[in-house]
Every structure is written in C-alpha cells, then in structure tokens.
2 protein chains.
Amino acid sequence: MNYTFSNRIASLQPSIIREILKASSGQNVIPFSAGNPAPETFPIEAIRTFTQSILEQDPVTALQYGITEGYVPLRAALQQHLEQNFNTGKPSDQLFIVSGAQQGIELACKVLCNEGDTIICESPSFIGSLNSFRASGAKLAGVPMETDGMDIDKLEHALQTEPNVKMIYVIPSFQNPTGVTTSLEKRQAIYALAKKYGVMILEDNPYGELRFKGEDVPTIKSMDEDGLVIYVGSFSKILSAGLRVGFVQAPHEVVEKMVVAKQGEDVHTAMLPQILAHRFMTEYDYAGHINLIRDVYLRKATLMMDKLQEHLGDAVTYTRPDGGLFLWCDLPAHVPMVDYAKTAAAQGVAVVPGNAFLVNEQDPCNAIRLNFSTPSDEQIAKGVEILGQVLRNSF
Amino acid sequence: MNYTFSNRIASLQPSIIREILKASSGQNVIPFSAGNPAPETFPIEAIRTFTQSILEQDPVTALQYGITEGYVPLRAALQQHLEQNFNTGKPSDQLFIVSGAQQGIELACKVLCNEGDTIICESPSFIGSLNSFRASGAKLAGVPMETDGMDIDKLEHALQTEPNVKMIYVIPSFQNPTGVTTSLEKRQAIYALAKKYGVMILEDNPYGELRFKGEDVPTIKSMDEDGLVIYVGSFSKILSAGLRVGFVQAPHEVVEKMVVAKQGEDVHTAMLPQILAHRFMTEYDYAGHINLIRDVYLRKATLMMDKLQEHLGDAVTYTRPDGGLFLWCDLPAHVPMVDYAKTAAAQGVAVVPGNAFLVNEQDPCNAIRLNFSTPSDEQIAKGVEILGQVLRNSF
C-alpha cells in the first residue's frame with residue numbers, strides 16, 4: 001500500500017530534540033541537549049509514601065475512569081495556589097487538568113485555529129509547541145526575541161499583516177530555548193496589542209516557580225481583565241515529568257471547548273498521577289520543595305556560566321537566566337553552528353542547534369541551546385571544557 | 001471578548017455519555033449508562049506491590065521523561081503477546097504506546113484525514129471515536145450494523161459514493177454499543193473491500209480478550225498481508241481504565257507519522273502506568289486474571305439477560321453478546337425512546353439513548369444501550385426490574 005498522509009502531517013518531521021534524546025539515551029554522552037528536570041529534584045520518598053497510601057485508601061478512584069476535566073480536589077488546590085502565587089483566575093475563568101502542558105498547548109490551537117490560520121510565536125521558541133501547531137495545520141509567524149522579550153514593533157506589524165491571526169504564543173518566564181524573561185512593560189504591551197487586535201494569548205509557564213535570582217514578574221494572565229489569556233502550567237518541573245500532569249486556566253467558554261476536544265484525545269489524564277499531584281500540593285512541604293529545586297538550578301546554572309567564562313571566554317555570548325533550565329549561547333560569527341554541534345557530539349557533548357527552535361529553520365542562526373538541569377555538576381564542568389576545546393581546535 | 005472557535009470544534013457537543021457519567025457520579029443512580037470496567041476486576045493487590053517495587057528499584061525511569069514510542073520492555077512484551085494470541089504483527093509492522101486506545105483512534109484520523117475527508121463507521125458505533133473524528137474535521141458515513149457486523153453491500157456502496165474515503169472504522173468484537181461480533185466472513189469481506197478501494201482499516205479491539213462465550217474470531221489485523229490495518233488495543237478493561245495505557249500496531253510508515261503527531265499532543269504516555277502494565281504482563285498470572293474477568297462478565301451479562309427476560313419479556317428484543325461490556329435493547333415501536341430513558345433516569349436507572357451512537361443522531365432509533373460491567377449484581381436485578389416497571393406503567 002502506498003500511504004497518503006494528511007496535509008498537516010505529511011510535511012512534519014520528528015522533533016530534533018526528541019530524536020537527539022533518543023539517539024543519546026543510554027549512551028555515554030553529556031546531555032546539554034535535553035530538557036529533563038534534574039532527577040535529584042524528584043521527591044521520590046514522598047511519591048513512594050503517597051502512592052502507597054492512595055492505593056491503600058482509595059484504589060478504585062486511582063484505577064477507574066475519571067471525568068475529563070480532571071480530579072476535582074486537584075483542580076481546587078491548584079486554583080487556590082494560582083490565585084495566591086500568580087494572582088490569576090477570575091470568576092469567568094475555569095481550570096482543568098491536561099496530560100502535560102503540551103496537551104494544553106495543542107488543545108488551545110485545536111479549538112481556536114482552522115487550518116491555515118496564523119499563530120504568532122516568539123522566534124526562537126519551544127520546538128514541541130511549534131511542531132504541535134504545525135501538526136494542527138496552523139501557519140506560524142515568528143517575532144524575534146530580544147533580551148527582554150519579543151520585539152513589540154514587529155509583533156504589531158505581524159498582527160497587522162499576517163492573515164487570520166488567532167493567537168500569540170509566549171513563554172514569558174525563563175523562556176525555552178533562550179532563558180529570557182519578558183519584562184513587565186513588554187508583558188503589558190503584548191496584552192494591550194492582543195486586546196487591540198482581538199486575538200488570544202497562550203501563556204506557557206512551565207518554569208514559573210523556578211526563579212533562582214531576581215524578583216518575580218507578574219504573569220500576563222494576572223492582567224487578564226478581558227478574558228484573552230489561556231494560561232498553561234505543569235507539574236513536570238516541580239514534581240515529575242514522567243507523570244504527565246499539567247493544567248490550563250482560561251475563560252470558561254474556551255475551557256468548555258478544550259475539554260470536549262480532550263475527550264476525543266485521551267478521555268482524561270491518568271488518575272494516579274493526578275491524585276499524587278494533589279497529595280504533593282496539600283500534604284507536602286511544597287514551598288520547601290520548590291526552594292530546594294531553585295537551589296539546585298541556581299548552583300547548576302552558575303556553574304555552567306562560570307565554566308563558559310573559563311573555557312570559552314569572550315569568544316561567545318550567552319544569556320544569564322534568572323530561572324528555568326536553559327541558556328542560549330551565540331557562537332562567533334565565523335563558526336558554522338551545525339558543524340560545531342556535530343563536532344561537539346562526536347566529542348561526547350550533545351547540544352541542540354539553535355535553528356531547531358526557529359519558526360523558519362532556514363533563517364540564519366549561530367546559537368546553540370544549553371541545558372543545565374539534566375547533567376550532573378561533573379558533567380557540566382567536563383562538558384563545557386570540551387565545548388571550549390572544540391571551539392579552539394576545530395574552528 | 002467574543003470567542004470564535006475553529007470550524008471543527010465549534011459544532012461539537014460534549015459526549016452525551018460523559019455528561020451522563022458526570023451527572024450521575026456520586027449519586028444514587030443505578031449505572032447502566034457507563035462503560036466502566038467492573039472495579040472488582042482491578043488487580044489492586046498486584047498493582048500495589050508492583051508500584052512499590054518500581055518506586056524502590058527504578059524511581060527515576062518512572063518519574064522522568066520517556067521516549068514518545070513508549071517504554072521499550074512493554075512494547076516488546078505486547079508485541080509477543082499479540083503475535084501469540086491474535087496472530088498480528090508482520091515485520092513491516094510496528095507497535096507503540098498511546099494514552100488509552102482513544103488516543104490511537106484520534107491519531108489514526110489525524111495522520112490520514114484532511115478536513116472534509118470521509119471515515120466510514122459502523123452505525124451505531126462508539127461515541128468517543130465518532131466525536132474524536134468530528135473534532136478532527138472528518139466527515140462520517142455510517143453503515144448499518146446487522147447481527148453479524150456491517151451491512152457489506154452498503155459498505156461497498158459507501159466506498160463507491162462517498163468522497164475521499166480514507167478509513168473504515170470497526171469494532172469487530174463485542175462492539176460498543178451493540179455487543180455484536182462481526183463474523184469471520186464479514187471480516188474477510190471488509191478487508192477485501194478496503195484492499196479493492198485502497199483505504200485503511202482502523203480496527204478497535206478494546207474488549208478482544210473479554211470473550212466469555214463461544215469461539216474466538218480472527219482479528220482483521222491477522223489477515224493484513226497488505227499493510228492496510230491500524231490495530232488499536234488497551235489495558236483499560238483488563239488492568240485499569242484510570243491508568244490510560246493503550247497501544248497501536250500498524251505499518252511502520254504509519255506509526256512513524258502517528259508518533260510525530262503524539263509528540264505534539266502529550267510528548268509520551270505517563271511512565272509509571274506503562275511500567276505497571278509491563279509488570280502486569282510479565283510478572284503476574286495474566287491468563288488467570290483474564291479468566292477471572294471473563295467469569296465476572298459472564299455472570300453479570302447472564303444475570304442482565306435473565307432479568308430482561310423476566311421483567312420485559314417479549315416486549316423488547318436485545319443482543320446476546322459473547323463478550324465485552326454492553327448489550328443493545330430495542331424498545332417496542334410505540335415507546336418513544338428518549339422519553340423512556342428520561343423516565344427511567346427519574347426512577348433511578350441511567351441508560352444511554354441509542355441515537356447518541358448514530359452517525360446521524362437524528363436518524364430513527366428505538367434502542368437503548370445497557371452496560372452490565374459497572375453495576376453490582378444487586379443493581380442489575382433491581383435496575384432491570386425498574387426498567388420493566390417504567391415500560392409497563394408509563395407507556
């Protein structure tokens with residue numbers, strides 16, 4: 001049989017990151033390429049205890065079908081937490097549980113965009129979201145990232161000139177891949193432009209609680225007087241990535257449609273992980289655990305920046321993130337970036353070529369993304385040293 | 001803000017079944033409306049032991065990101081199991097893990113169908129699949145079910161006359177909602193027609209191992225010499241529905257595209273549930289457990305049919321399933337079915353109006369779907385008695 005695939009899928013390639021992750025799994029490669037949370041931040045003992053208790057006290061709820069909106073006590077706890085910590089959630093908003101933030105992102109696109117409609121994205125941006133939008137048949141328009149967020153003039157230009165814009169997709173805090181945090185002024189400007197042009201904002205905040213330096217900046221959702229913002233969060237970086245639990249807070253008309261779409265995708269998110277997330281929120285030292293994670297990432301990020309200074313010195317420039325998992329490193333203009341990444345991989349260090357994150361992969365890009373959460377301290381020291389050797393010896 | 005939703009989502013309504021399930025949850029209603037596996041079939045003790053052992057021995061694998069294709073040992077065990085028990089899987093096939101069979105069904109549609117393409121479905125059929133196809137923008141063409149499967153002449157007529165048919169969707173064993181098992185002859189005929197007209201078959205087999213009477217009929221996938229069949233299965237009815245683990249076996253070109261689409265939906269299926277499913281397959285008396293479930297469902301189905309005979313006698317006709325969770329009951333011609341279902345609900349018995357499962361909900365239908373897996377024996381006896389009273393007293 002000769003297979004003919006749908007237009008939206010036919011042109012889609014597997015995510016470069018997932019492929020690199022697969023290729024390097026189980027091998028002796030230093031993983032600056034992944035986006036995995038540090039395994040030492042998983043509260044394993046608590047998960048063990050809670051799981052045992054859940055399966056003792058109410059196994060049937062954990063093992064039977066649940067409702068699509070998600071485990072009611074978890075939704076209640078999250079709503080309260082978001083209100084207290086991020087000042088989000090109006091009476092007109094609703095919260096529901098998704099199978100990781102990725103599903104929230106995909107559902108937002110599915111309910112808002114017809115094939116051919118435009119989503120405005122930061123460029124570079126998270127490749128998982130870009131590919132998800134592409135698989136839904138949406139057209140992407142990239143707005144360049146600056147050191148304090150999107151270029152606002154170019155954003156307005158895109159809103160004026162791109163056809164059928166339905167959504168602006170942003171990761172305002174410790175962005176993946178750049179590590180950039182969008183300033184308060186730019187958050188306000190993005191909100192004002194969305195309102196002016198009548199489009200929705202998809203605010204993706206998976207790293208929101210992982211600030212290890214500086215002061216919190218208000219979420220765009222906290223400014224949402226007009227019901228424009230779909231806010232997506234996740235337990236992947238604070239509890240466990242493998243449990244696949246995320247959440248969406250959005251105006252209830254939008255949530256209603258997203259829930260119907262979710263029914264058709266996976267009926268509901270696995271129950272045991274949802275109940276575990278609830279226990280973690282309500283019976284654990286949540287704040288203390290977040291502080292522990294922040295300490296780990298501050299240490300690792302600082303170490304990586306120190307080593308970059310030591311081994312690559314003034315040859316490269318890189319972002320200095322205040323949180324999250326990534327930094328973005330611009331290579332010298334004369335160094336061909338993809339060749340550099342390939343040579344580094346051959347020397348045992350996996351990095352992701354920056355163009356993987358562009359809306360148009362062919363656009364010029366001389367940066368690589370470096371992840372500091374996955375590697376051990378020893379791997380960070382050793383890996384950056386190798387990156388320096390590769391730069392000096394091969395280019 | 002006035003929200004404008006995508007065309008594919010705007011017209012979609014929440015699944016009637018999920019809404020009924022929500023409305024009746026926590027209430028004192030006899031649940032003939034759900035599709036839940038009997039909770040007494042969950043191997044709770046084993047799940048408890050396995051979970052503890054997984055979180056002792058290899059917690060990081062259970063809690064960290066995994067690859068989109070799924071947990072490798074589970075895929076290997078499943079492949080062997082399917083080959084031995086269902087005679088499926090050619091060298092050109094591949095198997096991957098999904099977040100419940102529902103996701104496999106949705107992904108098949110996403111990768112094969114453009115908006116407006118046609119999927120041929122049994123009518124009635126599983127509403128979750130029908131709604132998932134609708135949410136993808138596909139057009140549905142229903143082929144009436146007979147007591148031994150689809151009307152084959154009408155299937156060929158649909159293949160000749162419907163525009164851009166991409167897929168035939170079938171549940172050949174103990175179909176939801178009718179309980180009908182498609183005969184070997186009709187399975188062969190469906191396969192031959194798919195081959196003749198160059199379309200794929202989506203074979204949904206969630207109840208495949210739940211035969212409690214009669215002899216197994218070969219799967220359509222076992223006849224797949226030409227790479228036409230996407231086979232979808234699930235752990236929901238044999239291990240736990242709430243864990244959301246299913247699988248797809250299909251030609252590797254098709255699986256490759258489905259995996260890319262899955263990346264954009266939920267990255268991967270939750271790891272702990274996948275590892276649990278693997279332990280269940282390899283370290284538990286799987287065959288003995290399946291036999292236990294079969295005994296429970298044989299007892300419940302027999303009880304429901306006996307009580308229908310006793311209380312509704314010759315006034316109704318109903319299917320006599322050899323497995324699965326459902327039977328399909330035709331009311332007398334003079335009884336308005338939706339009114340009957342409403343009256344029964346008011347008397348404390350929830351049933352699903354049959355038209356919910358039709359490709360065109362407006363088509364004439366005088367049947368209700370009855371589920372025998374969820375209610376207790378006492379509820380079955382009492383509930384059917386009430387159904388008889390409602391029929392005699394109100395109509």
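**Note on the chain A–chain B contact and the salt bridges**

1. At 1% relative accessibility, Lys300(B) counts as buried, because the cut-off for that class is under 20% relative accessible area. The model is a predicted one, and this lysine is a convenient place to begin reading it.

2. The side chain of Lys300(B) forms a salt bridge with that of Glu40(B), at 3.1 Å from N to O. The two residues come from distant parts of the chain, 260 residues apart, with Glu40(B) in the loop between β1 (30-31) and α3 of chain B and Lys300(B) in helix α12 (residues 286-312) of chain B. Glu40(B), at 44% relative accessibility, counts as partly exposed, whereas Lys300(B) counts as buried.

3. A pair in chain A can be read in a similar way: the side chains of Glu146(A) and Lys186(A) meet in a salt bridge at 2.5 Å, N to O. This pair also links distant parts of its chain, since Glu146(A) belongs to strand β4 (residues 139-146) and Lys186(A) to helix α9 (residues 184-197), 40 residues apart. Glu146(A) is partly exposed, with a relative accessible area of 35%, while Lys186(A) is buried, with a relative accessible area of 10%.

4. Another salt bridge lies within one helix, where the side chains of Lys307(A) and Glu310(A) meet at 3.3 Å, N to O. Both residues lie in helix α12 (residues 286-312) of chain A, three residues apart, which is about one turn of the helix. Glu310(A) has a relative accessible area of 53% and is exposed.

5. Turning to the contact between the chains, chain A and chain B contribute 81 residues each, and the area buried between them is about 7100 Å², with carbon and sulfur atoms giving 59% of it. Between chain B and chain A there are 40 residue pairs in polar contact, counting pairs with both residues at pLDDT 80 or more. On the side of chain B that touches chain A, several helices each supply at least two residues, among them α1 (7-10), α6 (101-112) and α11 (271-283). The largest share of that side, nine residues, comes from α10(B), and its residues divide into 37 nonpolar, 27 polar and 17 charged.

6. Over all chains, a search of the whole structure finds 40 salt bridges, and the count between chain B and chain A is four. Glu106(A) and Lys110(B) meet through their side chains in a salt bridge at 3.0 Å, N to O.

Key: Residues numbered from 1 in each chain as written. Chains lettered and ligands numbered in written order. Predicted model: local features only at pLDDT ≥ 70, side-chain atom pairs only at ≥ 80, totals over all residues. Heavy atoms only, no water. Contact = heavy atoms within 4.5 Å. Buried area = accessible area lost by both parts, 1.4 Å probe. Polar contact = N/O pair within 3.5 Å; in protein donor to acceptor, adjacent residues only side chain to side chain. Helix = DSSP H or I, 4+ residues; strand = E, 2+ residues; numbered from the N terminus. Nonpolar A, V, L, I, M, F, W, Y, C, P; charged D, E, K, R; others polar. Buried < 20%, exposed > 50% of the residue type's maximum accessible area, 1.4 Å probe, protein only.
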